[in-house]
Amino acid sequence: MKKDLDTLLKQALTPTKEPDSRLNQSILRQVKETETMDIKKVRRIPAAAIAAAIVLGAGSVTAYASWKYLAPDKVTEKFNDSKLTDAFLGKDAISIHEEQTIGKYRVTLIGIVSGKDISQYQQSSNGVVQTDRTYCVTAIEYADGTPMPDTMDDSYADLSFFVSPFIKGYDPAKYNTVTMRGGYSEFVQNGILYRLTECDNVEIFADQGLYLGVMDSTFYNVQAYHYDKATGEISRNEGYDGLNALFHLPIDVSKADPEAAANYLTSLEEPESEPEPEPEHTTLQDEMTDAAIQAWMDQLTPENIDEYASRVESSVQILTPDSDGYVSVEYEVEGRISGSGSILVSEYFKGKKPGMSDLFGCAYSENRLESLVIMTYTLNEDGTVTFAAYIPKEGTETQTDEFRLEQ
């Protein structure tokens, strides 16, 4: 009989129509100014009183939810983005407050807004400023009430979340916030992690169907969701051992623009050209360092990699392809880099012959070979794939420095 009061209130007070966002904010500000309502007392309302609570106006639901979670405009205020704050208070913003509890996490999709020039902080890609964007606010917390670590705590570094819109009909492994020029900002308040996620405007796909996925990984994990190529549907993998929340984004179909959507997809598939160097930010030495590292990578083959690099045994993993032919991996090379990703086996092993692929991934920081990590994949006889990270052997830095000076 003792049900969680949050759930009871949501069931009893769910409105059939969305109240005006500015009216909601006015109500919230009045409540905050009077400070006559104690949050703890609200949570202790006896079940018998819920029937009486049903007669409250629709605005009460938003007010209640906002007492527990920050409203989107309050989140953007934390980042000093007044334009985005106004956008979340505007008529185009969508208030959602949908909650999902999966495993040890509770995720709440609070709100979303899209538009042109609605943020005073704009990202650039390949030298082009991205002005038409989608922004969403989510709250992530432990389901048992344990506070999330503060951003200053050491344990905060152990948290990894990936929040991204998905498009029905398109493989989320290829079309997600990474490929859609996304980014995020986050903070922890009262034990709840608030994340503001941004990417290119997805409203143009509103007629096809849109989702928002939240998972506990650094990048997209192909094991977390199922993608049905026949129907285009994306669904949670119920057998996934981790967080894989999936929300439907209630974006008005009238916002769709099929022509813009087609052009956008084409732009994602075309390789981006390298931007012209900006003298005030890019030095000749930086360019030559990049070229030297690329030249060093170009000399590697499956046959000679052991001459130039050492395998990091702690990184070795045996991966099993999923139903779509992808393998995903999370790795860490102490003192250098950590990350995760996925590959399509058929692309890395064209003839599906056992052995190491000649396609190598790499990552490094500050254009230095000392931080370089090489990612390799080897196809085994039983169809599994062995992942292994390599690092350059001592002495290769000197060779690369000589190469740079010669240039």
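Strands β6 and β9 (residues 210–215) run antiparallel and are joined by six bridges. This pairing belongs to a predicted model. Within the pairing, Phe-166 stands opposite Tyr-211 of β9. The two strands form part of an open, antiparallel sheet of three strands, ordered β6-β9-β12. Its edges are β6, spanning 162–167, and β12, spanning 244–248, each of which pairs on one side only. From one strand to the next, the twist in this sheet averages 20 degrees.

The protein chain as a whole contains twelve helices and 19 strands. Of its 407 residues, 45% are buried. Among contacts in the protein chain with a separation of 6 or more, 66% are between residues 24 or more positions apart.

A further open sheet has five strands in the order β1-β2-β5-β8-β7, again with antiparallel pairing. Here the edge positions are taken by β1 and by β7 (183–189), each pairing on one side only. The twist averages 20 degrees from one strand to the next. In a regular strand, side chains alternate between the two faces of the sheet.

Within the five-strand sheet, β1 (residues 94–102) pairs with β2 in the antiparallel sense over seven bridges. One of the bridge pairs places Ile-94 against Ile-112 of β2. The hairpin formed by β1 and β2 has two residues between the strands, and Gly-103 in this hairpin takes a positive phi near 60 degrees. Strand β2 itself covers residues 105–116 and is mostly covered, with eleven of its twelve residues buried. Eleven bridges connect β2 to β5 (residues 132–142), and these two strands are antiparallel. In this pairing Val-113 stands opposite Tyr-135 of β5. Strand β5 is in turn joined to β8 (residues 192–200) by eight bridges, also in an antiparallel arrangement. Thr-138 stands opposite Arg-195 of β8. Helix α7 lies across three strands of this sheet, namely β2, β5 and β8, and runs at about 100 degrees to β2.

The loop between α6 (72–78) and α7 (82–89) contains Asp-81. Asp-81 is buried but has no salt bridge, and the nearest side chain of opposite charge, that of Lys-83, is 7.4 Å away. A salt bridge would require a side-chain nitrogen of Lys or Arg within 4 Å of a carboxyl oxygen. The side chain of Asp-81 does reach the backbone nitrogen of Leu-84, at 3.2 Å. With residues up to four places away in sequence set aside, Asp-81 touches Thr-76, Ser-119, Gln-120 and Tyr-121.

Asn-80 is placed in the loop between α6 and α7 as well. In contrast to the buried Asp-81, Asn-80 counts as exposed because its relative accessibility is 56%, where the threshold for exposure is over 50%. Phi of Asn-80 is near 55 degrees, a positive value in a residue other than glycine. Most residues other than glycine have a negative phi. A positive phi, near 55 degrees, is also found at Arg-181, which is located in the loop between β6 and β7.

Ile-305 is found in helix α10, which comprises residues 305–308. The relative accessible area of Ile-305 is 0%, and the residue is therefore classed as buried, the limit being under 20%. Leaving aside neighbours within four places in sequence, Ile-305 is in contact with Leu-300, Met-356, Phe-360, Ile-374, Thr-376 and Tyr-390. One of these partners, Tyr-390, lies 85 residues from Ile-305 along the chain, and the C-alpha atoms of the two residues are separated by 8.7 Å.

Note on methods:
Residues are numbered from 1 along each chain as its sequence is written. This is a predicted model: local features need pLDDT of at least 70, side-chain atom pairs count only at pLDDT 80 or more; totals for chains, interfaces and linings use all residues. Side-chain values use heavy atoms; hydrogens and water are left out. Two strands pair if DSSP finds at least two bridges between them. Helices (H or I, at least four residues) and strands (E, at least two) are DSSP runs, numbered from the N terminus. Axes are lines fitted to C-alpha atoms, for helices over the stretch in contact, and angles run from 0 to 180 degrees between N-to-C directions. Buried means under 20% relative accessible area, exposed over 50%, partly exposed in between (1.4 Å probe, protein chains only). Lys and Arg count as positive and Asp and Glu as negative; His and the chain ends are not counted. A polar contact is a pair of N or O atoms within 3.5 Å; within protein, one must be able to donate a hydrogen and the other to accept it, and residues adjacent in sequence count only if both atoms are side-chain atoms. Contact means heavy atoms within 4.5 Å.
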